[in-house]
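Let us take a walk through this structure together. Please have a look at the sequence and the 3D view before reading on.

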2 protein chains.
Amino acid sequence: MAHALDGIKVVDVSTMAAVPMAARHLADFGADVIHVENPATGDPWRWWLTAGGRELSPEVNYRWWENQNRNKRSITLDLSQERGREILYKLAEKADVFLTNFRPSELERYSLQYSHLSNLNPKLIYGNLTGYGKTGTDKDLPGFDSTAFWCRSGLLYMLQQAGMPPPSPGNRLLACGDNVTALALAFGVMMALFVRDRTGIGQEIDLALFHTAVYTLLAVPLALGMGEEATLTDRKDTPALTNSYQTKDGRWLQLSLAPPDRYWSGLCRAIEREDLEHDSRFESFEARAENQATLIGIMEEVFLGETLSDWNTRLARAGMIFAPIESPLEVTADHQARANDFFTSYEHPDYGNIEVIANPVKLSQTPAVIRMPAPEFNQHTEEVLLELEYSWEDIAQLKDNGVIA
Amino acid sequence: MAHALDGIKVVDVSTMAAVPMAARHLADFGADVIHVENPATGDPWRWWLTAGGRELSPEVNYRWWENQNRNKRSITLDLSQERGREILYKLAEKADVFLTNFRPSELERYSLQYSHLSNLNPKLIYGNLTGYGKTGTDKDLPGFDSTAFWCRSGLLYMLQQAGMPPPSPGNRLLACGDNVTALALAFGVMMALFVRDRTGIGQEIDLALFHTAVYTLLAVPLALGMGEEATLTDRKDTPALTNSYQTKDGRWLQLSLAPPDRYWSGLCRAIEREDLEHDSRFESFEARAENQATLIGIMEEVFLGETLSDWNTRLARAGMIFAPIESPLEVTADHQARANDFFTSYEHPDYGNIEVIANPVKLSQTPAVIRMPAPEFNQHTEEVLLELEYSWEDIAQLKDNGVIA
């Protein structure tokens, strides 16, 4: 067996980031994934990077499209036309997995609810991702990861510092929550495929960005238990041993020395401040908590004395738990990321040899592979229609009527 | 079939947050998961919430333990003793899945590498999570999600604002990156189980917190494509239509109006500032970019004019993409979270009826269920040893020798 998901057929009726990424995971492991796009507009993810006027060369712009859609085929279908829906139903009849991010109202409009498709194909695995869930007054609210995942869940609140505006992930962490939720959806699909192989039963998988984000947060079970508000904090409220510090070269590093008593003595040696170890102001957790501002001040000064690179060496040698705060560009050159093959490359017909992030899930016997680049718009429409036994004459007619592009 | 993973046996040799959560996902869907703990110390996660002196009642402290370990059995084994390792090997021989977060050096010390266990059980699915990968100079660096996931990956950098210290996730978002990576590991396990059912092949799954975090970031493929540094920004550099705003009652909301041209006119109506729509300073993307500070200033004033609750109603009615920034406590009462069953409850023998976060992956035919609360320390050691056909005499001896607690 070459690939984990050889022979598995996936229909991916989705746009943007989360469901396309879940489908890409299946494609990375060998499934035949057909991404269905609107013939008039295409998946907006094709041009999202330049949304609203930003000018970028095609060589840069295609990177996000490639990231969510490699290893797939793409067809166009106008689902507002009956003939467009007919073709999609035929695909669903032959598919193992059907994935969509349409909102409840859209699923109804196009008769793409599970109740309909499971009639056509009772063994179908049907995955539906919403922003806010399938019921409740906000079920049709458009959900982006910047809103449904980051803001509504409590996640951004936990990053906000007292007296300051929240950090703004709207621009900066685009699709990060989508890519997280994609893993949950891919997990659900694989469980459902496993059950189907053993029992013959198909089923529906239901996920929400909002719920997935809430799941990641330990502050929520705590709030459920205590019924108390988590207070906003700032640097001065953060214990010295789990705080971040600036270095001589203006960089930042994060300490994560927990439980702190285990690391206090080693830290004093690593920063060459053995005098602090038995200083009565700092020698116990309670004392450090009481004199937190003083200790943070001392450590700020200490860390400003050396460069980030020097601290990396010293703290690693001392067995401290810490990390440099790296930029995305630094990550692309990070020696540890390189040593562990976080990146892989392949030939793109238009852009030559390109480097991308390798699938983070590494299987030794049936590894993720890149079999082909992300599809051009409409690239496989004819090929897929011929597989469904449409004739060239049908195809011409569908094109004339705008059912396909 | 009652559960998706009925009959699947999982051995979970891990501590803290990420691998225990991956195993909990399998347990939520019906697998028999045995969590293996050190008889002297237990899994530190049992007391992590009070690490370093914080005082909390047991009713609150157990919430994190419960969150990562419900539905499991727990045994103790001293792996530094040969007889302890022997018992673990017997468990691995009969298991379908073996999960561990031991570092490469620890796996070697206890002979728990895949090469060893797959000799005992060639069909075993073996999942190993590291902080920084299995090779490279940093492979044995202790990796917490606050460091390996948030800082080293570029994630925290993208949240940092120009001229300000980074937000500090060390305390505030504890285990969030672990819970994300748990989904990736659970996905890998299910693929491997699926492959094994079809082909009889066992295999190894390898994941790193660092790689999983990098995977979530679209800034990384962009950096790979452009070779340019993402610049730090602040509020004033963030486009007005994807910025956050404070409301009359001191709360914050986030707009995520992209692509902005599609939403500009609706926004002007929603904020009752139709005068802005065709104002030449703002009517196009380019104009708004040029007059960004002015527009942000106007909108700051507008949003300060009403409460968050008023804005929620108005913006939802206008079809805007936005969200309130909610605290974890608010999330526990959020009407949409409640309507979609984000929470579930069960009887705990010590603490009565408790409420927890439901599994975010909802399967219609084989749903996640809570069959039992998280185990007490050492609760199932005797039961599991008896299943392995140890006698009561053996058990007494193992206890005497400290192999078990």
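What follows goes from the two chains as a pair, through some aromatic rings, to one helix.

This is a predicted model, in which local features need pLDDT of at least 70 and side-chain atom pairs count only at pLDDT 80 or more, while totals for chains, interfaces and linings use all residues. Residues are numbered from 1 along each chain as its sequence is written, chains are lettered from A and ligands numbered from 1 in the order in which they are written, and side-chain values use heavy atoms, leaving out hydrogens and water.

Let us begin with the pair of chains. Two copies of a chain are related by a rotation about an axis and a shift along it. Here, chain A is superposed on chain B by a rotation of 180 degrees with 0.0 Å of shift along the axis, at an RMSD of 0.0 Å (a least-squares fit on the C-alpha atoms of residues with pLDDT of at least 70 in both copies). The two copies are thus related as by a two-fold rotation axis. In chain A, the C-alpha nearest this axis belongs to F187(A), 2.0 Å away from it. Both copies use the same surface, since 100% of the contact residues of chain A recur in chain B (contact means heavy atoms within 4.5 Å).

Now for the rings. Over all chains there are 28 aromatic pairs, where rings of Phe, Tyr and Trp (its six-membered ring) pair if their centres lie within 6.5 Å, and planes under 30 degrees apart count as stacked, over 60 as edge-to-face and the rest as tilted. The ring centres of W45(A) and W64(A) are 5.6 Å apart and their planes stand at 15 degrees, so this pair is stacked. W45(A) lies in the loop between β2 (32–37) and α2 (58–69) of chain A and W64(A) in helix α2, so the pair ties together parts that are 19 residues apart in sequence (helices, H or I of at least four residues, and strands, E of at least two, are DSSP runs numbered from the N terminus). W45(A) is buried, with a relative accessible area of 1%, and W64(A) is buried at 8% (buried means under 20%, exposed over 50%, partly exposed in between, with a 1.4 Å probe and protein chains only). Ring pairs also link W47(A), W48(A) and F144(A) into a cluster.

Finally, look at helix α16 (residues 308–317) of chain A, whose buried residues are L308(A), W311(A), R314(A) and L315(A). These residues cover an arc of only 125 degrees around the axis, which puts them on the same side of α16(A) (the arc is that of the directions from the helix axis to the C-beta atoms). The buried residues of α16(A) pack against β8 (252–255), α12 (260–270), α15 (292–303) and β9 (322–324) of chain A.
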